Amino acid sequence: IVIAALLLAACAPSAPTPPPPTAPRSTGPTAPTGVTVSAPAGIDWYAWAPDGQHLLIDSDGLALVDSSGKTVASPDGTIPATWVDSQHFATWSPKSATSIDGPVAVYSLDGSSVAVPGSYSGLALVGDGAGSLAVGLQAGGKDAEERFVVWQNGALSEPLPGRPLGWSKDGSTLIVATSQPLGGRAGAPQSVSIAVLRRPLRAASEQPVKQVHVDPTYPPTFN
């Protein structure tokens with residue numbers, strides 16, 4: 001009986017080897033650790049490049065910082081600013097101290113820059129990290145519909161309705177907010193839709209996923 005039990009144990013199949021653990025999916029740029037940035041005025045805003053090798057900060061003006069913490073450039077413009085890809089970032093400059101429209105420039109890490117043709121709202125400037133930039137157009141009046149364009153490789157798309165809020169991580173979809181007066185009365189509460197636009201971006205492809213009503217005196221803020 002003992003011999004038979006030993007033979008059965010020897011012939012029994014071994015337990016399967018568990019698969020190796022799956023690496024967690026990346027959720028954004030991998031920022032270097034231990035970076036010290038000297039900013040006597042404090043840092044009001046910052047954004048890492050998609051590859052985590054450079055940092056844009058707003059400290060009494062915009063500054064470009066490398067992965068060692070050294071400031072390598074002080075580009076013109078102010079926030080909103082955004083990374084177009086790991087080698088390019090965009091900034092906005094108001095026409096005056098009280099203006100909410102102005103030019104947008106796309107800077108390269110080598111110091112060169114190109115102007116995005118036109119004048120744009122300082123309310124929306126969103127890069128997808130892979131070469132596309134969604135930027136809001138200046139609205140014509142208090143109740144005018146907000147619109148935006150997408151800049152890519154020096155070319156501009158046709159205007160689309162809404163205010164761009166953010167791209168998906170793979171750059172395939174763009175979240176926008178659209179507004180229109182209720183009842184057609186100036187100053188009436190607005191219906192604000194959050195919609196998803198998929199590439200190729202077209203107004204007809206809007207897919208509202210949430211709707212809220214707000215007082216138009218106070219612009220809505222979306223997280």
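Trainee: Which residue of β4 does L64 stand opposite?

Mentor: This is a predicted model, by the way. Look at β3 (residues 62–66) and strand β4 (residues 71–73), which run antiparallel with two bridges joining them. In that pairing, the residue of β4 standing opposite L64 is A73.

Trainee: Which residue takes a positive phi in the hairpin of β3 and β4?

Mentor: That hairpin has four residues between the strands. The residue there with a positive phi, near 95°, is G69.

Trainee: How many residues of strand β3 are buried?

Mentor: Take the two faces in turn. In a regular strand the side chains alternate between the two faces of the sheet. On one side of β3, L62, L64 and D66 are buried, and on the other A63 and V65 are buried too. So β3 is largely enclosed by the rest of the structure, and the count of buried residues is five of the five.

Trainee: What is the order of the strands in the open sheet?

Mentor: Four strands form this sheet, and the pairing is antiparallel. β1 (45–48) and β4 stand at the edges with a single partner strand each, so one side of each is left without a neighbour in the sheet. On average, neighbouring strands are turned by 35° against each other, direction ignored. The order is β1-β2-β3-β4.

Trainee: Which residue in β3 does D58 stand opposite?

Mentor: D58 belongs to strand β2 (residues 54–58). β2 runs antiparallel to β3, and five bridges join the two. Across from D58 in β3 is L62.

Trainee: How far away is the nearest side chain of opposite charge to D58?

Mentor: D58 is buried and has no salt bridge. A salt bridge would need a side-chain nitrogen of Lys or Arg within 4 Å of a carboxyl oxygen. For D58 the nearest candidate by charge is R163, and the distance is 18 Å.

Trainee: Which backbone nitrogen does the side chain of D58 reach?

Mentor: D58 also touches G42, I43, D44, W45 and I79, leaving out residues up to four places away in sequence. For the backbone nitrogen, the side chain of D58 gets there at 3.3 Å, and the residue is G61.

Trainee: Is D60 buried or exposed?

Mentor: D60 sits in the loop between β2 and β3, a hairpin with three residues between the strands. Its phi is positive, about 55°, although D60 is not a glycine. With a relative accessible area of 72%, D60 is exposed.

Trainee: What is the relative accessible area of N153?

Mentor: N153 is in the loop between β10 (147–152) and β11 (155–156). Its phi is near 55°, a positive value in a residue other than glycine. N153 is exposed, and its relative accessible area is 73%.

Trainee: Which residue is joined to I79 by a cis peptide bond?

Mentor: I79 came up earlier as one of the residues that D58 touches. The cis bond has an omega of about 10°. Its other partner lies in strand β5 (residues 78–85), and that residue is P80.

Technical notes: Residues are numbered from 1 along each chain as its sequence is written. This is a predicted model: local features need pLDDT of at least 70, side-chain atom pairs count only at pLDDT 80 or more; totals for chains, interfaces and linings use all residues. Side-chain values use heavy atoms; hydrogens and water are left out. Buried means under 20% relative accessible area, exposed over 50%, partly exposed in between (1.4 Å probe, protein chains only). Lys and Arg count as positive and Asp and Glu as negative; His and the chain ends are not counted. A polar contact is a pair of N or O atoms within 3.5 Å; within protein, one must be able to donate a hydrogen and the other to accept it, and residues adjacent in sequence count only if both atoms are side-chain atoms. Contact means heavy atoms within 4.5 Å. Two strands pair if DSSP finds at least two bridges between them. Axes are lines fitted to C-alpha atoms, for helices over the stretch in contact, and angles run from 0 to 180 degrees between N-to-C directions.
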